[in-house]
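Let's take a walk through a protein together, going from the whole chain down to single residues. Have the sequence and the 3D view ready, and look up each residue as we meet it.

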Amino acid sequence: MANSKYEYVKAFEQPDILLPNTWIVIRIDGRGFHKFSAKYAFAKPNDRRALDLMNAAAKAVMSELPDIVIAYGVSDEYSKLVTTIASTFTAYFVHLWRDYFPDLQLSPPLPSFDGRAVMYPSVQNLRDYMSWRQVDCHINNLYNTTFWALVQSGGMEAKDAEKELAGTVSSDKNEILFSRFKINYNNEPEIYKKGSVAFRDYELVEPSSASEMVEEDSAKTTEQLELSKTQQEKDRKRRAKARITIQHVDVIKDEFWERRPWLLS
Ligand code: ATP
Ligand code: ATP
Ligand code: MG
Ligand code: MG
Ligand code: MG
Ligand code: MG
Ligand code: MG
């Protein structure tokens, strides 16, 4: 293959360098899952099997790629990172499908996921990103729960339910759920209300001493980054061994992060 007249095309490969010392978030998203969920008759608004399958695939990806801290990566080459994560996730999603949908066989068009990389320079930015996703989860789920209650239990047409909900705020939706359907939104499953956080579990820090352990988010010099290479390798091995857990907890408040200082330091 070497030195053929065609080799110049290799030069078209651009490095896609991400900034060092930043938090890299890889967000993956199912392609055309609106249709996909209809094809396999997912329960609305939340199909528990599908969520469990997504979580199992996420967990498998994290076991295979130890650099991922909390379903988010740290590395240098973003196209490789994005493609590796998106394709590994897709592979596990397909592989694990039978465990969650034993009576439904997958057929083309097969599920796939897109991936995008975003760099966040500070812990605060990263935490705000996580908070943004969790707030989004809550808002969408409250809407969807109310919408599907109106349709499934209230016998409304989809477009009428949509009209009914237009312009309502959270308290209105809670009220509709409670007064018309005896549903207390607070009692809905945490996995629907809060989503799923996958992370490596070490020993929890006691809440009292937790705040002292959170270090200031300081920028490191290139030299410091070089010096910490061996430490990084050690950390990587430790991460590869750690148990991965999936929890449906609040990641907006400080407590989650303060009790798990290894995640963001
Ligand atoms: P795109 O390819 O642009 O991402 P999409 O059809 O996947 O298009 P999204 O905005 O990603 O659109 O929305 C995903 C859709 O998949 C949801 O709106 C919902 O209808 C469906 N869906 C995904 N997971 C579940 C689930 N666990 N239970 C029920 N429905 C689900
Ligand atoms: P990376 O994750 O960085 O891509 P890699 O281990 O996949 O690392 P590559 O440079 O991509 O390394 O090389 C792929 C290697 O996989 C080849 O060197 C070869 O050893 C092996 N390989 C791939 N496909 C085949 C095949 N069909 N038959 C035999 N060996 C193969
Ligand atoms: Mg989506
Ligand atoms: Mg989308
Ligand atoms: Mg999608
Ligand atoms: Mg290769
Ligand atoms: Mg390869």
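What follows starts with the overall fold, then visits the cores, the ligand and two residues of interest.

Before we set off, keep in mind that this is a predicted model. The protein chain folds into eleven helices and four strands. Of its 265 residues, 35% are buried. How much of the contact pattern, counting contacts with a separation of 6 or more, joins residues 24 or more positions apart? The share is 81%, and you can look for such contacts by picking a residue and checking the sequence numbers around it. On the outside, the accessible surface of the protein chain is about 16800 Å², and carbon and sulfur atoms provide 53% of it.

Now let's step inside. In soluble globular proteins, nonpolar side chains tend to be buried together. Here, the largest nonpolar core has 27 residues, and those touching the most other members are Phe36, Phe42, Phe89, Phe93 and Trp97. Which elements give two or more residues to this core? They are strand 1 (23-30), helix 1 (33-39), helix 2 (48-64) and helix 3 (78-100). Phe89 makes a good place to pause. Setting aside neighbours within four places in sequence, Phe89 is in contact with Ile28, Met54, Ala57, Ala58, Val61 and Phe113. Another core lies apart from the largest one; this other core has 19 residues, including Trp23, Val197, Trp257 and Leu264.

Our next stop is ligand 1. It is surrounded by 15 residues, and the closest are Asp29, Gly32, Phe33, His34 and Asp47. The shell around ligand 1 is a mixture: six residues are nonpolar, five are polar and four are charged. Strand 1, helix 1 and helix 2 each give two or more residues to this shell, and helix 1 gives the most, with three.

Let's look at some atom pairs here. A backbone N or O atom of Phe33 sits 2.7 Å from an oxygen atom of ligand 1, and a backbone N or O atom of Gly30 is 3.0 Å from an oxygen atom of the ligand. Lys44 takes part through its side chain, where an N or O atom lies 2.9 Å from an oxygen atom of ligand 1. How much of ligand 1 does the protein bury? Taken alone, ligand 1 exposes 640 Å², and the protein buries 59% of that.

Finally, compare Lys59 with Arg200. Lys59 belongs to helix 2, while Arg200 is part of strand 3 (residues 197-201). The two are 141 residues apart along the chain, yet their C-alpha atoms are separated by 9.7 Å. Are they buried or exposed? Lys59 counts as partly exposed because its relative accessible area is 36%, which falls between the cut-offs of 20% and 50%. Arg200 has a relative accessible area of 2%, so it counts as buried.

Their surroundings are worth a look too. Beyond residues up to four places away in sequence, Lys59 touches Ile244 and Ile246. With the same neighbours left out, Arg200 touches a list of residues that includes Met62, Leu65, Pro66, Arg239, Ile244 and Trp262. Ile68 is also one of the residues touched by Arg200, and the backbone oxygen of Ile68 lies 2.7 Å from a polar atom of the Arg200 side chain.

Conventions
Residues numbered from 1 in each chain as written. Chains lettered and ligands numbered in written order. Predicted model: local features only at pLDDT ≥ 70, side-chain atom pairs only at ≥ 80, totals over all residues. Heavy atoms only, no water. Core = buried A, V, L, I, M, F, W, Y, C linked by side-chain atoms within 4.5 Å. Buried < 20%, exposed > 50% of the residue type's maximum accessible area, 1.4 Å probe, protein only. Contact = heavy atoms within 4.5 Å. Near = heavy atom within 4 Å. Polar contact = N/O pair within 3.5 Å; in protein donor to acceptor, adjacent residues only side chain to side chain. Areas by Shrake-Rupley, 256 points an atom, 1.4 Å probe, with all protein chains shown as cover. Nonpolar A, V, L, I, M, F, W, Y, C, P; charged D, E, K, R; others polar.
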